[in-house]
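Colleague: I have some bench questions about this protein. Can we go through the model together?

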Amino acid sequence: MKKLFFISLLIFSLTLKAQKKLKLSNGVHSADVVKIETTTSPANPLYTFSTYTVPYQEFTGVSVSNGLMWDDSNFPITMGFNFKLYGASGNIINFAEGSFATFDNPTLSVLTLATPMFEDLCDRAFLPATSNEGDSGGISDISYSVTGTVGNKICMIQVKDAGFYEEIAAYDTSESYVNFQLWLYEGTNDIEIRFGDVNIQNPQDNLLNPAGFHCGLAEQVDLNTAVNVSANVLNGPASNPAMVGLGTTLAEVVTGTVQSGRVYKFSRVNPNLVGISNVNFSEQMSFFPNPASTKLYCNTPADLMKEVEIYFYSLDGKLVSEKKLESEIDISEIGKGVYLLKTKSKNGDFHYSGKLVVIK
């Protein structure tokens, strides 16, 4: 069974997990409603979002599951070009657990990831009571294909007819299934999520939040504590969700039924700009001390500070303070708490995103 990272240490999630265990043991669907707060931070300005529809087309590519059953499996995929996800980059990306792509080791608790559906997916033939990871007889193929010319290639990752672990564990059958593709674009570093047929039954069993499924991008999210640097996740109806940051209760989900052919596109504002997860860039623009009290210092070359503003957001997305970026910044008026930092130049280019703890 997967780790169900997003609900591991949160109070509301522990309640939800307890309810799921009860349902697995007695087969009864609880009518209890888990209260979910909606404190959402701003979306990372490194990406913009759009959605549209095109006919969903399956492709025949290189199978990485190779007819074997999978649940928690990780499949390294060679893209044949360098791709950037926030500040992380490489030409081999890990597609893990049938649900997310990352350049990190998928077993780590802090990841930079892109996910069409961050839920507990598995091969539909996988029976938790009797199956083992990698058994023969898999029916939910994971494959990839690289198309296009040099400089304009696309790596397409496809998940076909995946099921949900919780449903299979509870009922020894999988009525639910999902089909989707993750497209990664060379050069622009754009990301597309394309959905085929999606049929999600038993949301109380199958979804981490019964209201809908988690979808989008996250930069250095701590999956054990839900603390993250920044994110670009979707929230709202499947036909037209909004791109937001990741709230402290992870309530941001795609709701309703996502129709076959729906595309969610995350366009990178500037392919050459990176987030805090890039070590070299962080060395050029960094802030200290952290935690801070009355003064915050910026360690960055003078040319990077020209006509740059720094914004302080509370975790619920409210702008608390806006200042000119200088080597020494007075934060005496900012109260105790945790804040999101964003810096932008006058033309709107993104420079830096991070978190600051203020103590008094």
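**Salt bridges, cores and surface**

Modeller: Start with Glu 328, which counts as partly exposed because its relative accessibility is 39%. Keep in mind that this is a predicted model.

Colleague: Which side chain meets Glu 328 in a salt bridge?

Modeller: Glu 328 sits in strand β22, residues 328-330. Its partner lies in strand β19, residues 295-299, and the two are 33 residues apart. The partner is partly exposed, with a relative accessible area of 31%. The N to O distance is 3.3 Å, and the partner is Lys 295.

Colleague: How many salt bridges does a search of the whole structure find?

Modeller: Side chains of opposite charge can pair when their charged atoms come close. Glu 328 and Lys 295 are one such pair. Arg 194 and Glu 192 also meet in a salt bridge, at 2.9 Å, N to O. The search of the whole structure finds six.

Colleague: Is Asp 190 buried or exposed?

Modeller: Asp 190 is in the loop between β10 and β11. The cut-off for buried is under 20% relative accessible area. Asp 190 has 11% relative accessibility, so Asp 190 counts as buried.

Colleague: Which lysine does the side chain of Asp 190 meet in a salt bridge?

Modeller: The pair links distant parts of the chain, 75 residues apart. The lysine is in strand β17. At 15% relative accessibility, the lysine counts as buried. The N to O distance is 3.8 Å, and the residue is Lys 265.

Colleague: Which residues are linked with Asp 190 in a network of salt bridges?

Modeller: Asp 190 pairs with Lys 265. Arg 194 pairs with Glu 192, and both of these residues are buried. The network links Asp 190 with Glu 192, Arg 194 and Lys 265.

Colleague: Which element gives the largest share of the largest nonpolar core?

Modeller: That core has 44 residues, and Phe 95, Met 117, Ile 191, Phe 195 and Tyr 264 have the most contacts inside it. Elements giving two or more residues include β4 (88-96), β11 (191-199) and β17 (262-268). The largest share is six residues, and it comes from β3.

Colleague: Which tyrosines does Ile 191 touch, leaving out residues up to four places away in sequence?

Modeller: Ile 191 is among the residues with the most contacts inside the largest core. Its partners include Phe 83, Leu 182, Trp 183 and Phe 266. Lys 265 is another partner of Ile 191, and Lys 265 also bridges to Asp 190. The tyrosines are Tyr 47 and Tyr 264.

Colleague: How many residues are in the second, separate core?

Modeller: Nonpolar side chains tend to be buried together in soluble globular proteins. The second core includes Cys 298, Ile 310, Ile 329 and Leu 341. Cys 298 counts as buried because its relative accessibility is 7%. The residue count for this core is 17.

Colleague: How many disulfides does the structure hold?

Modeller: Two cysteines can be placed by burial. Cys 155 is buried at 0% relative accessibility, and Cys 298 is buried at 7%. The number of disulfides is zero.

Colleague: Which residues make the nonpolar surface patch of about 200 Å²?

Modeller: One member is in strand β23, residues 337-345. That valine is partly exposed, with a relative accessible area of 36%. The patch is made by Val 338, Val 357 and Ile 359.

Colleague: What share of the 360 residues counts as buried?

Modeller: The chain has five helices and 24 strands. It exposes about 14800 Å², with carbon and sulfur atoms supplying 52% of that area. The buried share of the residues is 53%.

Note on methods
Residues are numbered from 1 along each chain as its sequence is written. This is a predicted model: local features need pLDDT of at least 70, side-chain atom pairs count only at pLDDT 80 or more; totals for chains, interfaces and linings use all residues. Side-chain values use heavy atoms; hydrogens and water are left out. A nonpolar core is a set of buried Ala, Val, Leu, Ile, Met, Phe, Trp, Tyr and Cys residues joined through side-chain atoms within 4.5 Å. Buried means under 20% relative accessible area, exposed over 50%, partly exposed in between (1.4 Å probe, protein chains only). Helices (H or I, at least four residues) and strands (E, at least two) are DSSP runs, numbered from the N terminus. Contact means heavy atoms within 4.5 Å. A salt bridge is a side-chain nitrogen of Lys or Arg within 4 Å of a carboxyl oxygen of Asp or Glu. Patches are made of residues with over 30% relative accessible area and no salt bridge: like charges are joined within 9 Å, nonpolar side chains (Val, Leu, Ile, Met, Phe, Trp, Tyr) within 5 Å. Accessible areas come from the Shrake-Rupley method with a 1.4 Å probe; for residues, only the protein chains shown count as cover. A disulfide is a pair of cysteine sulfur atoms within 2.5 Å.
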